[in-house]
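Please open the model in your viewer, with side chains available for display, and follow the selections below in order.

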Amino acid sequence: METKVVIVDNFVGNKKNYEQAVDILKSGGVVAFPTETVYGLGALATDEVAVQKIFEAKGRPSDNPLIVHIGDKEQVFNYATGISTDAEKLMATFWPGPLTLVFHKIPGIIAPNVTPGVETVGIRMPDHPVALGLLRALGEPLAAPSANRSGKPSPTEAAHVHKDLDGLIPLILDGGQTGVGVESTVLDMTTIPPTILRPGGTTQEMIESIIGPVNSETKSPGEQAPRSPGMKYLHYAPEAPLYVINYDAVKICAAIDKLHAEGKKVALIGPDELGITGADWYFAIGMAGNNEAMATNLYGALRKCDLTEADLILAVETDLAGVGAAVMNRLMKAAEGKHFIY
Ligand code: TXA
Ligand code: MG
């Protein structure tokens, strides 16, 4: 299969931009498209055969549910039931935006392989002109996971999608680099209070400012089996082993010296102020404490590490404030929980 890349930067509202994508989707195919978080790989959420193609292209385990993307807020009522006043407040405040809300599903509408093994459905309205343009031209919901091969960092540029899925999908809509850079927050609205299953672009602080305290599985890791099934798999991982390391320049230099003495080449991901500190490759992802910038640049940096000959990657820790919770969640997953020990 040839993979076509179509640039959609001007006239994003022009329906003509989406004709080809809509044709492919309506005939049961898959299309990659940008959202404000990461690129998604979409298929008609009501078409089981089409959705199966997502799992095949990604190599994704079939027990991991997909998020349903809608182009208008009102569509949520077509697929979900038991929508609380708090949920309505969240939708009014944060949609379109990087917040996925998990509701009880109305049976028999969304294809069963979108929500394998669960009675719920995760829904979001993305805040990207191309995603919204496509959804509105299509007039139907799209099931769409991140458009990477399963286990790899999510794509924040069309080129990342192309690298992972060339030959496996027919079309990529290229809308440039995504802004938020980490995936949406997944918030389970079926628990009281609601539970953050995956931290993401809409922060816990933002959510709590609207509906008060929520549970956060991510702040008490290991206490219970993850209820967002996707969280149990190795994720976001570059090829070389990755270790998280404290933000302490002296210790980072010492760690690199030690690794060099063992004959290892080191790639370092860290804040702009840190500088190269003797690493063989250094990828700066934003000023220290600027967690938004780090979220935007993290996945791109992880992918750049794959273009080096590094034997090992060190990634500098940030704090958990705001979107820092999502940055550290992804880093710890990519590291499989490993901290660099001196
Ligand atoms: O920002 C995003 O959310 C991106 C863009 C493309 O929209 N999508 C994305 O999808 O990250 P994916 O499939 O890579 O991650 C979806 C996560 C998984 O961890 C999955 O287990 C969880 O959401 N999820 C989806 N539906 C769920 C449900 N009904 N109950 C619990 N977890 C759910
Ligand atoms: Mg993903």
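Begin by selecting tyrosine 243, which counts as partly exposed because its relative accessibility is 22%, and the cut-off for buried is under 20%. Keep in mind throughout that this is a predicted model.

With tyrosine 243 still displayed, add lysine 338, which lies over the face of that tyrosine at 5.1 Å from the ring centre.

The aromatic pairs come next. A search of the whole structure finds two of them. For one, select tyrosine 236 and tyrosine 299, whose ring centres are 5.6 Å apart and whose planes meet at 20°, so the pair is stacked. Tyrosine 236 belongs to the loop between strand 12 (215–216) and strand 13, whereas tyrosine 299 sits in helix 9 (residues 291–305), and the pair thereby links distant parts of the chain, 63 residues apart. Both of these tyrosines are buried.

Now return to tyrosine 243 and show phenylalanine 340 beside it: the two form an edge-to-face aromatic pair, with 5.8 Å from centre to centre and 80° between the planes. Since tyrosine 243 lies in strand 13 and phenylalanine 340 in the segment after helix 10 (324–334), the pair ties together parts that are 97 residues apart in sequence. Phenylalanine 340, with a relative accessible area of 10%, is buried.

From strand 13 (residues 242–245), move to strand 16, with which it pairs in the parallel sense over four bridges; look here for isoleucine 245, whose bridge partner in strand 16 is valine 316. Then select strand 14 (residues 266–270), which also pairs with strand 16 in the parallel sense over four bridges, and find alanine 267 standing opposite isoleucine 313 of strand 16.

How many residues of strand 16 (residues 312–316) are buried? Five of its five residues are, so that the strand is mostly covered. In a regular strand the side chains alternate between the two faces of the sheet. Colouring the two sides of strand 16 separately shows Leu312, Leu314 and Val316 on one and Ile313 and Ala315 on the other, and all of them are buried.

For the last stop, select serine 146, in the loop between strand 8 (142–143) and helix 6 (158–165). Serine 146 counts as buried because its relative accessibility is 17%. Its side chain makes a polar contact of 2.6 Å with the side chain of asparagine 148. Leaving aside residues up to four places away in sequence, serine 146 touches Val38, Tyr39, Gly40, Leu41, Lys58, Ser154 and Pro155.

How values were computed: Residues are numbered from 1 along each chain as its sequence is written. Chains are lettered from A and ligands numbered from 1 in the order in which they are written. This is a predicted model: local features need pLDDT of at least 70, side-chain atom pairs count only at pLDDT 80 or more; totals for chains, interfaces and linings use all residues. Side-chain values use heavy atoms; hydrogens and water are left out. Buried means under 20% relative accessible area, exposed over 50%, partly exposed in between (1.4 Å probe, protein chains only). A polar contact is a pair of N or O atoms within 3.5 Å; within protein, one must be able to donate a hydrogen and the other to accept it, and residues adjacent in sequence count only if both atoms are side-chain atoms. Contact means heavy atoms within 4.5 Å. Two strands pair if DSSP finds at least two bridges between them. Rings of Phe, Tyr and Trp (its six-membered ring) pair if their centres lie within 6.5 Å; planes under 30 degrees apart count as stacked, over 60 as edge-to-face and the rest as tilted. A charge sits over a ring if NZ of Lys or CZ of Arg is within 6 Å of the ring centre and within 35 degrees of the ring normal.
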